[in-house]
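Good morning, everyone. Please bring up the sequence and the model on your screens, and we will walk through them together.

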Amino acid sequence: MRLLRIGPPGGERPCAVDPDGVVRDLSSWVPDWTGAALDPDALQETAARLAREAAGLPTADPAAARVGPPVRPGGHLLSIGLNYRAHAAEAGLALPREPIVASKAPTTLVGPYDDLLLPPGGEKTDWEVELAVVIGRRAQYLADPAAALRHVAGYATGNDVSERSWLLERGGQWVKGKSFESFSPLGPYLVTPDEVGDPGRLRLTCRVNGRMMQDGSTADMVFEVSHLLWYLSQCMVLHPGDVVLTGTPGGVALGRPDQPYLRADDVVEAEVSGLGAQRQRCRAVVLGGAAADAPKFAAAPVLPAPPARTRS
């Protein structure tokens, strides 16, 4: 099943793609994609009901309204650093012996087509296409990595945007360079594990102004998804709706000779195979200018429709 949320910020409605490829409004069934609604067993029941009763639900048009992040904001956002061999190599750093973990502020979570806001004085804002994992069931002290995937609600395309000057040059923790507003575009879809298959065999791409910057595979991960979730559960409680951004492949601006960091009006397009593509236009935040400061939200420029599936 493919889940999404459509509507203005704070007023998104939970939706899903039915077996015929039609987007349906599920707000009469679930309050939002959060909490118990994300439990893997609950999602299986919702998928079965959707297959039976889709025709009785209202439709929603992602091309006519804003697409929000596919889970309700407010959960813990976690970013895994240097988790791709190619990315560690381009940064000139050794592979980590244990996962490198950073937090991101909840206010970074936005929809897949919302503007990417470049912070005042930020001259080194960088893209990072990533496989995002959304937790669906409370996880703490998991026995082993094999148990971890049973706690996953689904997967999504993510962009773990980073302002490198605050990340690397200001001392302290990475959270500072990762927590600016709009720095976690997510979606368009949250795709349940049964549709994704092996999360270790997915292609990730990122284009800036049409130029391919990143083209990698989750097969290049240092620590695979199951290990990351198991590891995190040893030092924190993971709750439904928490998002884990699992690292980025090589090709970021930091690792390129010309370091082409993002500027106003640049367009970033990130995609993970099977999970949908997202697109952000960069806009500089102007201090003292209320109109320039206000975030802008767009309907989907192109929302790839999944192929219709045969009813079982």
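Let's start with one residue: is Thr46 buried or exposed? Thr46 is buried, because its relative accessible area is 12% and the cut-off for buried is under 20%. Find Thr46 in helix H1, which covers residues 40-53. Now look at what surrounds Thr46. Set aside the neighbours within four places in sequence, and Thr46 is in contact with Met1, Leu26, Trp29 and Trp33.

One word of caution before we go on. This is a predicted model.

Stay in helix H1 for a moment. Arg52 is in helix H1 too. Is Arg52 buried or exposed? Arg52 counts as exposed, because its relative accessibility is 61% and exposed means over 50%. So keep the two residues in mind: Thr46 is buried at 12%, and Arg52 is exposed at 61%.

Arg52 also gives us a long distance. Pick Arg52 and Pro257 on your screen. They are 205 residues apart in sequence, and their C-alpha atoms are 55 Å apart in space.

Now zoom out to the whole chain. How many helices and strands does the protein chain have? The count is seven helices and 19 strands. The radius of gyration is 18 Å, and the globule rule gives 20 Å for 312 residues; the two are close, so the chain is as compact as a globular protein of that length. Along the principal axes, the C-alpha atoms fill a box of roughly 55 × 50 × 30 Å.

How much of the chain is buried? Of the 312 residues, 53% count as buried. The accessible surface comes to about 12800 Å². Carbon and sulfur atoms account for 53% of that surface. Those two percentages describe separate things, so read them with care: one is a share of residues, the other a share of surface.

Next, contacts. Take the contacts in the chain with a separation of 6 or more. Residues 24 or more positions apart make up 76% of them.

Charges are quick. The chain has 31 positive and 36 negative charges. Their mean positions are 1 Å apart.

Let's go inside. The largest nonpolar core has 49 residues. Which residues have the most contacts inside that core? They are Trp127, Leu131, Tyr155, Leu229 and Leu262. Take Leu229 from that list. Leaving aside neighbours within four places in sequence, Leu229 is in contact with Val133, Ile135, Leu142, Ala148, Val152, Leu238 and Val244. There is also a second, separate core of 24 residues. Among its members are Met1, Leu3, Ala16 and Ala54. You have met Met1 already: Met1 is one of the contacts of Thr46.

Now some backbone geometry. Most residues other than glycine have a negative phi, and most peptide bonds are trans. Here come the exceptions.

Go to Leu82. Its phi is near 50°, a positive value in a residue other than glycine. Leu82 sits in the loop between strand E5 (77-81) and helix H2 (85-90). At 10% relative accessibility, Leu82 counts as buried.

Next is Gln259. Its phi is near 40°, again positive in a residue other than glycine. Look for Gln259 in the loop between strand E17 (243-245) and strand E18 (267-272). Gln259 counts as partly exposed, at 34% relative accessibility.

Which two residues does a cis peptide bond join? Gly187 and Pro188, with omega at about 25°. Pro188 is in the loop between strand E13 (184-185) and strand E14 (190-191).

Go back to the loop between E17 and E18. Ala264 is found there as well. Ala264 counts as partly exposed, at 41% relative accessibility. Ala264 and Arg281 are 17 residues apart in sequence, and their C-alpha atoms are 7.8 Å apart. Beyond its neighbours within four places in sequence, Ala264 is in contact with Leu118, Cys282 and Ala284.

One last stop: Arg211, in strand E16 (residues 211-217). Is it buried, exposed or partly exposed? Arg211 is partly exposed, with a relative accessible area of 43%. Not counting residues up to four places away in sequence, Arg211 touches Cys206, Arg256 and Asp258. Ala139 is another matter: the C-alpha atoms of Arg211 and Ala139 are separated by 39 Å, with their positions 72 residues apart along the chain.

That's the tour. Thank you.

Technical notes
Residues are numbered from 1 along each chain as its sequence is written. This is a predicted model: local features need pLDDT of at least 70, side-chain atom pairs count only at pLDDT 80 or more; totals for chains, interfaces and linings use all residues. Side-chain values use heavy atoms; hydrogens and water are left out. Helices (H or I, at least four residues) and strands (E, at least two) are DSSP runs, numbered from the N terminus. The radius of gyration is taken over C-alpha atoms; the globule rule is 2.2 Å times the number of residues to the power 0.38. Buried means under 20% relative accessible area, exposed over 50%, partly exposed in between (1.4 Å probe, protein chains only). Contact means heavy atoms within 4.5 Å. Accessible areas come from the Shrake-Rupley method with a 1.4 Å probe; for residues, only the protein chains shown count as cover. Lys and Arg count as positive and Asp and Glu as negative; His and the chain ends are not counted. The place of a charge is taken as NZ of Lys, CZ of Arg, CG of Asp or CD of Glu. A nonpolar core is a set of buried Ala, Val, Leu, Ile, Met, Phe, Trp, Tyr and Cys residues joined through side-chain atoms within 4.5 Å.
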